[in-house]
Every structure is written in structure tokens, then in C-alpha cells.
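Biologist: I'd like to learn how to read this structure properly. Could we put it up and go through it feature by feature?

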Amino acid sequence: MKFISIIPLFAAAIAVTSCVTRSTVPTPQQSFEKADIDGDGMVSRSEYDSHMIGEMFVRFDKNQDSVITREEFLDNGGTAEGFRRINTSGSGKITLAEAKASAVVRKSLDAPFKEADANRDGQVSLAEFLSYRKNALDYVR
Ligand SMILES: [Ca+2]
Ligand SMILES: [Ca+2]
Ligand SMILES: [Ca+2]
């Protein structure tokens with residue numbers, strides 16, 4: 001629970017994407033297909049992590065320079081402590097590689113993944129994904 005409070009928006013990441021006003025907003029099905037990197041029709045935990053972290057990264061990186069500064073991180077509701085823990089290099093900028101390698105970030109996805117994986121088989125199916133996304137949207141609204 002401690003990890004989740006450090007990066008509050010990660011849990012709602014799936015829902016948030018469709019609220020963003022952009023011409024390229026994917027449908028939930030397109031998001032699922034994008035997340036399913038190996039195309040086997042299921043999103044594994046590592047595919048899920050990769051996809052979510054990528055989505056969140058884009059959202060946090062307001063000026064789109066491919067790094068997240070402390071300011072950008074805090075602007076999105078992150079904490080200074082969270083930033084320090086993810087920015088393991090201490091450079092003051094989080095890269096996508098750093099975010100994906102971060103145990104803190106991955107840990108913060110435990111709860112949303114478990115929630116999405118309704119039948120607990122360790123994979124998220126399209127049906128589970130759509131259902132989770134729908135519930136998450138209601139929750140966010
Ligand atoms: Ca897959
Ligand atoms: Ca940036
Ligand atoms: Ca499942």
C-alpha cells in the first residue's frame with residue numbers, strides 16, 4: 001500500500017488514457033492489442049507492466065522530451081520520495097528505461113493487475129481488460 005501512495009496515478013492509468021483529449025486516443029480494444037506484445041491474445045504481467053509504464057510515462061512527460069523531471073512528477077501527483085526512489089541514477093530525470101526497471105513502479109502495478117485479472121490465472125484476457133477498464137472509468141468519474 002505504501003508503494004501505491006507514492007505513485008497515486010498508476011492505479012488509474014488504464015482509465016485515464018481515454019479521458020485525455022487527443023486525436024490519437026486508442027479504443028480499449030486497441031489498447032489491449034497494443035499491450036499484447038507477443039499477440040497471443042492475453043496480456044501477461046510483464047506485458048501489462050510494460051504497457052502501463054509506457055502510458056504513464058507519456059502522461060507524466062508533459063513537455064515530451066522523453067524524460068520526467070522532478071517537477072513533472074510532482075505535478076502529476078507523485079511525491080518527492082517516490083521520485084527519489086524511481087530515479088535510481090540520481091540524475092534528476094526519470095527515463096523510460098529507468099521507470100520500466102524500477103521495482104517501485106512495478107510494485108505499484110501489483111494491485112491494478114490483480115484487479116484486472118479477475119480469474120487470477122496470471123494473464124489478462126480481452127474480456128477482463130474491457131471489464132476492468134469500464135469499472136475503472138466509473139470509478140474515476
Ligand atoms: Ca501476450
Ligand atoms: Ca519531460
Ligand atoms: Ca485472467
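Modeller: Sure. Let's begin with an idea we'll need right away: a nonpolar core is a set of buried Ala, Val, Leu, Ile, Met, Phe, Trp, Tyr and Cys residues joined through side-chain atoms within 4.5 Å. Keep in mind that this is a predicted model.

Biologist: Okay, which residues touch the most other members of the largest nonpolar core here?

Modeller: That core has 23 residues, and the best-connected ones are Val-43, Tyr-48, Ile-68, Phe-73, Ile-86, Ile-94 and Val-124. At least two residues each come from α3 (28-35), α4 (45-60), α6 (80-86), α8 (103-108), α9 (110-116) and α10 (126-140). The biggest contributor is α4, with six residues.

Biologist: And the overall layout? How many helices and strands are there in the protein?

Modeller: You'll find 10 helices and four strands. Read from the N terminus, the order is α-α-α-β-α-β-α-α-β-α-α-α-β-α. The protein has 141 residues, and 41% of them count as buried. Its accessible surface is about 7,700 Å², with 55% belonging to carbon and sulfur atoms.

Biologist: How do I read contacts in terms of sequence distance?

Modeller: Take the contacts with a separation of 6 or more: in this protein, residues 24 or more positions apart account for 60% of them. For a single case, look at Gln-29 in helix α3. Leaving out residues up to four places away in sequence, Gln-29 touches Leu-126 and Leu-130. Gln-29 and Leu-126 are 97 residues apart along the chain, yet their C-alpha atoms are separated by 7.4 Å.

Biologist: Is Gln-29 buried or exposed, or something in between?

Modeller: In between. Buried means under 20% relative accessible area and exposed means over 50%. Gln-29 has 38%, so it is partly exposed.

Biologist: Now the ions. Which atoms coordinate the calcium ion (ligand 1)?

Modeller: For a metal site, list the donor atoms, then look at the angles and the spacing in sequence. The calcium ion (ligand 1) has Asp-36 (OD), Asp-38 (OD), Asp-40 (OD), Met-42 (O), Glu-47 (OE) and Glu-47 (OE) at 2.3 to 2.6 Å. Along the chain, those donors follow D-x1-D-x1-D-x1-M-x4-E. Asp-36 counts as buried because its relative accessibility is 8%, whereas Asp-38 is exposed at 52%.

Biologist: What about the calcium ion (ligand 2): why is its arrangement irregular?

Modeller: Six donors count as octahedral if opposite donors are over 155 degrees apart and all others between 65 and 115. Around the calcium ion (ligand 2), the six donor atoms subtend angles of 53 to 156°, so the arrangement is irregular. The protein donors are Asp-61 (OD), Asn-63 (OD1), Asp-65 (OD), Val-67 (O), Glu-72 (OE) and Glu-72 (OE), lying 2.2 to 2.5 Å from the ion. Their residues are spaced D-x1-N-x1-D-x1-V-x4-E. Asp-61, at 6% relative accessibility, is buried.

Biologist: Which residues are donors to the calcium ion (ligand 3)?

Modeller: Here you have Asp-117 (OD), Asn-119 (OD1), Asp-121 (OD), Gln-123 (O), Glu-128 (OE) and Glu-128 (OE), at 2.2 to 2.5 Å. The spacing reads D-x1-N-x1-D-x1-Q-x4-E. With angles of 53 to 156° among six donor atoms, this site is irregular.

Biologist: Where do Gln-123 and Glu-128 fall on the accessibility scale?

Modeller: Gln-123 is partly exposed because its relative accessible area is 26%. Glu-128 counts as buried, at 10% relative accessibility.

Technical notes
Residues numbered from 1 in each chain as written. Chains lettered and ligands numbered in written order. Predicted model: local features only at pLDDT ≥ 70, side-chain atom pairs only at ≥ 80, totals over all residues. Heavy atoms only, no water. Donors = N, O, S within 2.8 Å, 3.2 Å for Na, K, Ca; no water. Tetrahedral: all angles 85-135°; square planar, octahedral: opposite > 155°, others 65-115°. Buried < 20%, exposed > 50% of the residue type's maximum accessible area, 1.4 Å probe, protein only. Contact = heavy atoms within 4.5 Å. Areas by Shrake-Rupley, 256 points an atom, 1.4 Å probe, with all protein chains shown as cover.
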